[in-house]
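Please look over the sequence and the model shown below before reading on. The paragraphs that follow lead from a single position to the wider packing.

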Amino acid sequence: MTQTRQAADAIANDGRGKFPKHKLEELRGRGYVMFCVLLLIVIIFSIVYFIASRGLTPFASQGVSVGEMIGGLKWSPEADTPRFGALPFLFGSFATSLLAAIIAAPLGICAAIFMTEMMPKVGKNILQPAIELLAGVPSVVYGFVGLSVIVPFLRDVFPGQGVGILAGGIVLSVMILPTITTVATDALRSLPAGLKEGSYALGATRWQTISRLVIPTTLPSLMTGIVLGIARAFGEALAVQMVIGNAPHIPHSLTQSAATLTSIITLSMGNTTSGSLHNNALWSLALILLIMTFLFVFVVRLLERRVKHA
């Protein structure tokens, strides 16, 4: 007992004048995490401030009205009387994104149902990794495949040159398919097994359980995946630029050339002088794109809140 007490007193005396090691490690970890969080906040606010300061300049000091840019139909920034109507680009962005979601959503949800309800082993080991590989393919590859395969096919089947809203929507649908499929698969796998077992116990078939229980229960999460896919498609630039035609007007059919916010920005930004009216107008388009991204994030948050309260 005496030796044990002496050893304990020695350890206590040795540690009195020193800061405990685990406390020091905790402070280091907390400081590192706080630094990363503060750095992330500063970066985000800096990006928003930079885009907003550039994008608001045409409205504040260069005589461009918000109504003209949002509702105008003509985009001619280098004309004697410059016009900055961005409605064709807004229409092109929404049209291609919604068309991509219409094509990809049924495919992604059906693939998720197949992987979770019908053949879970095959889906988990083969189909899901194959679909997730699509997310790693570069945008330029999608655009090049669309330009080499989809555009010639549409040119042979429909009147026109093959480029347009339809070609852009098809390319984007393949690009957003992994996002929708992954979110839908996670939502279906998180469904409690007791719900489906209770449905089977009441005599429901597999399809009745899927259509009347599984899909309605997970619908908010499925909608979250679709909205994330639309947001992904809305911000895509290179792949759409290669197949949409980049014509600054509202098309009258899906096979006519059009343009999107991202395509006109990437095409024109390198040909303008920093601080010029044309350059600042492009930053205004970037600001519109940023606002739309925030709206998509807000919708996703609302859907997630609905899932939590369900």
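Between which two helices is the loop that holds S257 found? In this predicted model, S257 is in the loop that joins α11, residues 238–243, to α12, residues 261–268. S257 has a relative accessibility of 22%, and because buried means under 20% and exposed over 50%, it counts as partly exposed. Setting aside residues up to four places away in sequence, S257 touches V163, G164, I244, G245, A247, H249 and P251. A link across the sequence can also be stated by distance, since the C-alpha atoms of S257 and A167 are 9.6 Å apart in space although the two residues are 90 apart in sequence.

Beyond this loop comes α12, the helix in which S268 has its place. S268 counts as buried, because its relative accessibility is 13% and the cut-off for buried is under 20%. When its neighbours within four places in sequence are left aside, S268 is in contact with H278 and L282.

L261, the residue at which α12 begins, leads into the nonpolar interior. With residues up to four places away in sequence not counted, L261 touches F89, L90, S93, F234, L285, I288 and L289. The largest nonpolar core of the model has 64 residues, and L261 is among those with the most contacts inside it, together with M69, W75, F89 and L285. At least two residues of this core come from each of α2 (21–55), α5 (87–118), α7 (139–157), α8, α10 (206–234), α11, α12 and α13 (277–309). Of these, α13 gives the most to the core, with 13 residues.

Two of the core residues just named, W75 and F89, also take part in aromatic pairing. A search of the whole structure finds 5 aromatic pairs. In one of them, the rings of W75 and F84 have their centres 5.6 Å apart and their planes at 80 degrees, so the pair is edge-to-face. W75 counts as buried at 10% relative accessibility, and F84 is likewise buried, with a relative accessible area of 2%. W75 also forms an edge-to-face pair with F89, for which the centre-to-centre distance is 5.3 Å and the angle between the planes is 75 degrees. This pair links distant parts of the chain, with W75 in strand β1 (residues 75–76) and F89 in helix α5, 14 residues apart. F89 is buried, its relative accessible area being 0%. Taken together, W75, F84 and F89 are linked by ring pairs into a cluster.

Packing between helices can be followed in another part of the chain. The axes of α6 (residues 120–133) and α8 (residues 165–189) come within 9 Å and cross at roughly 145 degrees. On the α6 side the contact is made by K124, Q128, I131 and E132, while α8 contributes P178, T181, T182, T185 and R189. By class, this contact has 2 nonpolar, 4 polar and 3 charged residues.

Finally, the annotation offers a wider frame. An unreviewed UniProt entry places the feature "domain: ABC transmembrane type-1" at residues 90–300. Over residues 90–300, the chain of the model is 77% helix and 0% strand, and the C-alpha atoms at the two ends are 21 Å apart.

Definitions and conventions: Residues numbered from 1 in each chain as written. Predicted model: local features only at pLDDT ≥ 70, side-chain atom pairs only at ≥ 80, totals over all residues. Heavy atoms only, no water. UniProt positions renumbered as here; feature names shortened; annotations may be inferred. Helix = DSSP H or I, 4+ residues; strand = E, 2+ residues; numbered from the N terminus. Buried < 20%, exposed > 50% of the residue type's maximum accessible area, 1.4 Å probe, protein only. Contact = heavy atoms within 4.5 Å. Axes fitted to C-alpha atoms, helices over the stretch in contact; angles between N-to-C directions. Nonpolar A, V, L, I, M, F, W, Y, C, P; charged D, E, K, R; others polar. Core = buried A, V, L, I, M, F, W, Y, C linked by side-chain atoms within 4.5 Å. Phe/Tyr/Trp six-rings, centres within 6.5 Å; stacked < 30°, edge-to-face > 60°.
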